[in-house]
Amino acid sequence: MKHKTIAVIGLGRFGSTIAKMLASMNHEVLGVDIDSEVVQKISPFITHAIVADTTDEEAIKALALSQFDLVIVAIGGNLQANLMTAMLLKELDAPKIVAKAENNIQGKMLHKIGVDQVIYPEYDMALRLVQFLTRDHVMDYLQLSKNISLIEIKMPSFLVGSCLKDSNLREKYNLNAVGIRRGEDLEVPPNPSTILGEDDKLLVIGNNSDLDALTM
Ligand code: ATP
Ligand code: ATP
Ligand code: CA
């Protein structure tokens with residue numbers, strides 16, 4: 001993977017977590033926040049950390065953000081600061097802008113401003129959580145489209161001691177297994193002859209309605 005230069009504006013819980021993760025993956029990360037305490041706290045963990053009000057045209061210009069591969073606007077709660085920062089970044093020709101929205105209307109405004117991608121971390125996390133919490137045996141969940149998901153489930157009892165080849169998973173359930181997790185190991189693609197254990201997890205892709213048959 002090519003290492004990128006990335007600026008993260010707004011170092012709240014979300015922004016600071018993202019900034020540290022990117023830095024730990026050896027990307028060059030600039031963190032920006034209006035709050036000097038927040039900036040001081042993160043500075044040992046990322047490449048540069050700067051105090052600036054990014055709604056101030058001169059201040060944001062001075063950051064030379066058009067030189068970065070990616071700018072992430074992680075100011076969420078403060079609507080005005082979020083929108084103004086996104087707009088100024090657009091004017092400054094930042095090559096790629098990703099901005100956080102807390103709701104749909106904010107997302108629409110960000111799209112109108114012309115940001116490249118709007119993310120809804122709270123909404124996405126909530127969606128993931130309700131899937132965990134309400135479906136039995138679901139360990140992890142990724143919605144790929146409106147109707148199609150990838151889920152990781154505890155091994156259904158009818159598969160324990162059997163293998164995918166003898167499972168009828170495709171014919172009877174209309175689902176495809178894409179991986180078998182055993183402890184630290186993930187078998188991808190799954191060998192259709194692997195004998196499935198009680199403690200194994202199965203990664204399955206399919207229609208939500210078909211997945212329901214395995215998880216409800
Ligand atoms: P999170 O949910 O990520 O913790 P939050 O809801 O606590 O965020 P936000 O309003 O989204 O708070 O702000 C995130 C960060 O953005 C804060 O650390 C705040 O200081 C910073 N911030 C707010 N306004 C500006 C601004 N004009 N310029 C730079 N940083 C700002
Ligand atoms: P097919 O033509 O359906 O792909 P195949 O004759 O190529 O089957 P296998 O790949 O051994 O033979 O699979 C036989 C059957 O085992 C499949 O039809 C399916 O029911 C099941 N199966 C194998 N692998 C998977 C998988 N990854 N996910 C779901 N079912 C599987
Ligand atoms: Ca928040």
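**Two domains, two sheets, two cores**

Val-73 touches Ile-9, Gly-10, Asn-82, Thr-85, Ala-86, Ile-97, Ala-99 and Lys-100, leaving aside residues up to four places away in sequence; contact here is taken as C-beta atoms, placed from the backbone, within 7 Å. The structure is a predicted model, in which local features need pLDDT of at least 70 and side-chain atom pairs count only at pLDDT 80 or more, while totals for chains, interfaces and linings use all residues. Residues are numbered from 1 along each chain as its sequence is written, and chains are lettered from A and ligands numbered from 1 in the order in which they are written.

Val-73 also turns up in the largest nonpolar core, which has 35 residues; Ala-7, Val-8, Ile-9, Val-71, Val-73 and Ala-86 touch the most other members. Such a core is a set of buried Ala, Val, Leu, Ile, Met, Phe, Trp, Tyr and Cys residues joined through C-beta atoms within 7 Å. A residue is buried if 20 or more other C-beta atoms lie within 10 Å of its own, exposed if 12 or fewer, and partly exposed in between, with C-beta atoms placed from the backbone. Two or more residues of this core come from each of β1 (5-9), α1 (13-24), β2 (28-33), β4 (70-73), α4 (79-91), β5 (97-100), α5 (104-113) and β6 (117-119). Helices (H or I, at least four residues) and strands (E, at least two) are DSSP runs, numbered from the N terminus. β1 gives the largest share of the core, four residues. Another core lies apart from this one and has 15 residues, including Ile-151, Leu-159, Leu-202 and Leu-211.

As for the overall layout, the protein is assigned a domain 1 (5-119) and a domain 2 (124-215), with bounds that come from an automatic or database domain assignment. The C-alpha centres of the two domains sit 37 Å apart.

Now to the sheets. Strands of a sheet pair through backbone hydrogen bonds, either parallel or antiparallel. One open sheet has six strands in the order β3-β2-β1-β4-β5-β6, and its pairing is parallel; strands count as paired if DSSP finds at least two bridges between them. At the edges are β3 (48-51) and β6, each pairing on one side only. From one strand to the next, the twist averages 20°; axes are lines fitted to C-alpha atoms, for helices over the stretch in contact, and angles run from 0 to 180 degrees between N-to-C directions. Towards the β6 edge, β5 and β6 run parallel and are joined by three bridges, with Ala-99 opposite Val-118 in β6. Helix α4 lies across β1, β4 and β5, and runs at about 175° to β5.

At the β3 edge, four bridges join the parallel strands β2 and β3, and Leu-30 has His-48 in β3 as its bridge partner. To get from β2 to β3 the chain passes through helix α2 (residues 36-42), in a right-handed β-α-β crossover. Right-handed means that, with the strands pointing away from the viewer, the path from the first strand over the helix to the second runs clockwise.

The other open sheet has five strands, ordered β7-β8-β11-β9-β10, with antiparallel pairing. Its edge strands are β7 (138-143) and β10, and each pairs on one side only. Here the twist averages 20° between one strand and the next. Seven bridges hook β8 to β11, which run antiparallel; one bridge partner pair is Ile-153 with Leu-202 in β11. Helix α8 (residues 208-215) packs on this sheet and touches β7, β8 and β11, its direction making about 145° with that of β11.

A few backbone oddities are worth a look. Most residues other than glycine have a negative phi, and most peptide bonds are trans. Ala-64 is not a glycine but has a positive phi of about 50°; it is found in the loop between α3 (57-61) and β4. Ala-64 is exposed, because 11 other C-beta atoms lie within 10 Å. Asn-168, also not a glycine, has a positive phi of about 60° and lies in the loop between β8 (148-154) and α7 (169-173). Asn-168 is likewise exposed, with 11 other C-beta atoms within 10 Å. Between Val-188 and Pro-189 the peptide bond is cis, with omega about -10°; Pro-189 belongs to the loop between β10 (185-187) and β11 (201-207).

Terms used
Contact = placed C-beta atoms within 7 Å.
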